Amino acid sequence: MLLHFLLASFVFLSSIKDGSARITSSFVRSEFPSTDIPLDHEAFAVPKGYNAPQQVHITQGDYDGKAVIISWVTTEEPGDCKVQYGTSENKFQGSADGSFTNYTFHQYKSGFIHQCLIEDLEYDTKYYYRIGSGDSSREFWFKTPPKVGPDAPYKFGIIGDLGQTFNSLSTLDHYIESGAETVLFVGDLSYADRYQYNDVGLRWDTWGRFVEKSTAYQPWIWSAGNHEIDYMPYMGEVVPFRNYLHRFPTPFMASKSSNPLWYAIRRASAHIIVLSSYSPFVKYTPQWRWLQDELKRVDREKTPWLIVLMHVPLYNSNEAHFMEGEGMRATYESWFIHHKVDVVFAGHVHAYERSYRYSNVDYNITSGHRYPVPDKSAPIYITVGDGGNQEGLASRFTEPQPEYSAFREASYGHSTLEIKNRTHAIYHWNRNDDGKKVKTDSFELHNQYWGSHRRRRKLNKHLLMRLFDAGSLTTV
């Protein structure tokens, strides 16, 4: 087993493209509905029974993956705010008490939003859970991740700018088929802000029911986009993120963050940092100070994969939202390079784009490089703002294609990142072509920390010593 691991860690997987040439895809998507799904569609069906729990979703509840936060809504009354859970179906050995809240948005009154933290779970274990009471109770399950460790394999999905159209439904169904275990969501959830007055809250409710077939069974790691701001003075609503913050809790305090919009978790062999593109981020702001400290807490010996999520891409060659991420790039890019971030996922632009390892840290207003230059220490930047929302695709890319841009295409889809071990992961972007899932962009991602020659030698020596100790190798 160890010999197989040693060989697999350093042999290139020839079936995976390495993205060796700049490509602007010539694929042209045919017509497919980009309007929101009608309210009477089965995707928004309300569960049967009086006051039955709905809009069920879970997220990680601590720093290391031994807790979950389970959230749900009841519409008639608060009901039972307890979660029963256990490792056998229909046998619930434990229970946890939660709390509930509700709120108004203009004249819309939300249902009763329940949140329950379940702690001290066992790693790599399937748990069944029940919420609600009597004939209206509902049962689901989730699986905890492996114990945090450098060679814990894990498969993430990456989705952004989802919305609630038929394209969104195609993306969600294809993602569920992928076998990924946790979604890294890069902002813009429901697009409810495209509506007015009470329909805003109504479309938050429909989206919660729409995604439940995934969110009730595995964690979605949330980050906020511009469509979560919900700043609507004409309705008297001027508190940003009001709907989002009431509905989607995050474990921000576990990473010593002062705000639920930016936080970090460790899951399997990955350290995941979530940033807020629409909160103050420049020098000395709370987000800036927190990120500075959090990057110092990253231990690549335990979590070799360092992943950053944000909504606005730092590198984008699409005419849509061009250069909007420049402020955050100028603020944080040097940190990402210094700490050897492996990959930065973003959304916002309704198309797909992947970069090479480039940086622009030498640029300034009076001197330095005018354009990004190759940089082996830089992250790969990937934009997946293509979940399927009502606004449609961003089909106009700038020409010529910049040297930093490896692949770009204006289509709907989702991505997966399958971590194999501390040195290698396999990435896929999957196009949704009129209801079909097509693996369109793939490459093997080499870990930035363990990819250095010095650390590879250290890893080789470490694995060989383990093989000798296990008796798998002998000296001559």
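This note goes through a predicted model, from the whole chain down to single residues.

1. **The whole protein.** Start with the overall count. The protein has 476 residues, and 58% of them are buried. Its secondary structure consists of 8 helices and 26 strands. The accessible surface is about 20,200 Å². Carbon and sulfur atoms supply 52% of that surface.

2. **Contacts along the chain.** How much of the contact set joins residues 24 or more positions apart? Take the contacts with a separation of 6 or more; such pairs make up 72% of them. Keep that number in mind when you reach Val186 below.

3. **Cysteines.** How many disulfides does a search of the whole structure find? The search finds 0. Look at Cys81: its nearest cysteine sulfur belongs to Cys116 and is 6.7 Å away. A disulfide needs the two sulfur atoms within 2.5 Å, so a pair at 6.7 Å does not count. The view from Cys116 matches: its nearest cysteine sulfur is that of Cys81, at 6.7 Å. Cys81 is buried, with a relative accessible area of 13%. Cys116 is buried too, at 1%.

4. **The four-stranded sheet.** One open sheet has 4 strands in the order β5-β4-β10-β11. The pairing is antiparallel. Which strands are at the edges? They are β5 (94-97) and β11 (138-143), each pairing on one side only. From one strand to the next, the twist averages 25 degrees. Now zoom in on one pair. Strand β4 (residues 82-86) is joined to β5 by 4 bridges. In this pair, Val83 stands opposite Ala96.

5. **The eight-stranded sheet.** Another open sheet has 8 strands, ordered β1-β23-β19-β22-β18-β17-β16-β15. Here the pairing is mixed. As background, strands of a sheet pair through backbone hydrogen bonds, either parallel or antiparallel. The edge strands are β1 (23-24) and β15. Each of these two pairs on one side only.

6. **The β15 end of that sheet.** Strand β15 pairs with β16 (residues 270-274) in the antiparallel sense, over 5 bridges. Ala264 stands opposite Ile273 in β16. A helix joins the picture here. Helix α6 (residues 286-297) packs on the sheet and touches β15, β16 and β17 (305-309). The direction of α6 makes about 175 degrees with that of β16.

7. **Strand β22.** Follow the strand order to β22 (residues 380-384). Are its residues mostly covered or uncovered? Mostly covered: 5 of its 5 residues are buried. Both faces are covered. One side carries Ile380, Ile382 and Val384, and the other carries Tyr381 and Thr383.

8. **The partners of β22.** Strand β22 shows both senses of pairing. With β18 (residues 343-346) it pairs in the parallel sense, over 4 bridges. Phe345 has Ile382 as its bridge partner in β22. With β19 (residues 352-355), β22 pairs in the antiparallel sense, over 3 bridges. There the bridge partner of Tyr352 is Val384.

9. **Val186.** Where is this residue? Val186 is in the loop between β13 (182-185) and α3 (198-210). A loop residue can still be covered: Val186 has a relative accessible area of 0%, so it counts as buried. What does Val186 touch beyond its neighbours within four places in sequence? Its contacts include Ile158, Ile159, Gly160 and Ser223. They also include Phe345 and Val384. Phe345 is the residue bridged to Ile382 in β22, and Val384 is one of the buried residues of β22 itself. As a distance to check, the C-alpha atoms of Val186 and Leu162 are 9.5 Å apart. Those two residues are separated by 24 places along the chain.

10. **Ser257.** This residue is in a loop as well, between α5 (242-247) and β15 (263-267). Is Ser257 buried or exposed? It is buried, because its relative accessibility is 6% and the cut-off is under 20%. A polar atom of the Ser257 side chain lies 2.6 Å from the backbone oxygen of Trp262. Beyond its neighbours within four places in sequence, Ser257 is in contact with Phe252, Trp262, Tyr263 and Trp290.

Terms used
Residues numbered from 1 in each chain as written. Predicted model: local features only at pLDDT ≥ 70, side-chain atom pairs only at ≥ 80, totals over all residues. Heavy atoms only, no water. Buried < 20%, exposed > 50% of the residue type's maximum accessible area, 1.4 Å probe, protein only. Contact = heavy atoms within 4.5 Å. Areas by Shrake-Rupley, 256 points an atom, 1.4 Å probe, with all protein chains shown as cover. Pairing = 2+ DSSP bridges. Axes fitted to C-alpha atoms, helices over the stretch in contact; angles between N-to-C directions. Polar contact = N/O pair within 3.5 Å; in protein donor to acceptor, adjacent residues only side chain to side chain.
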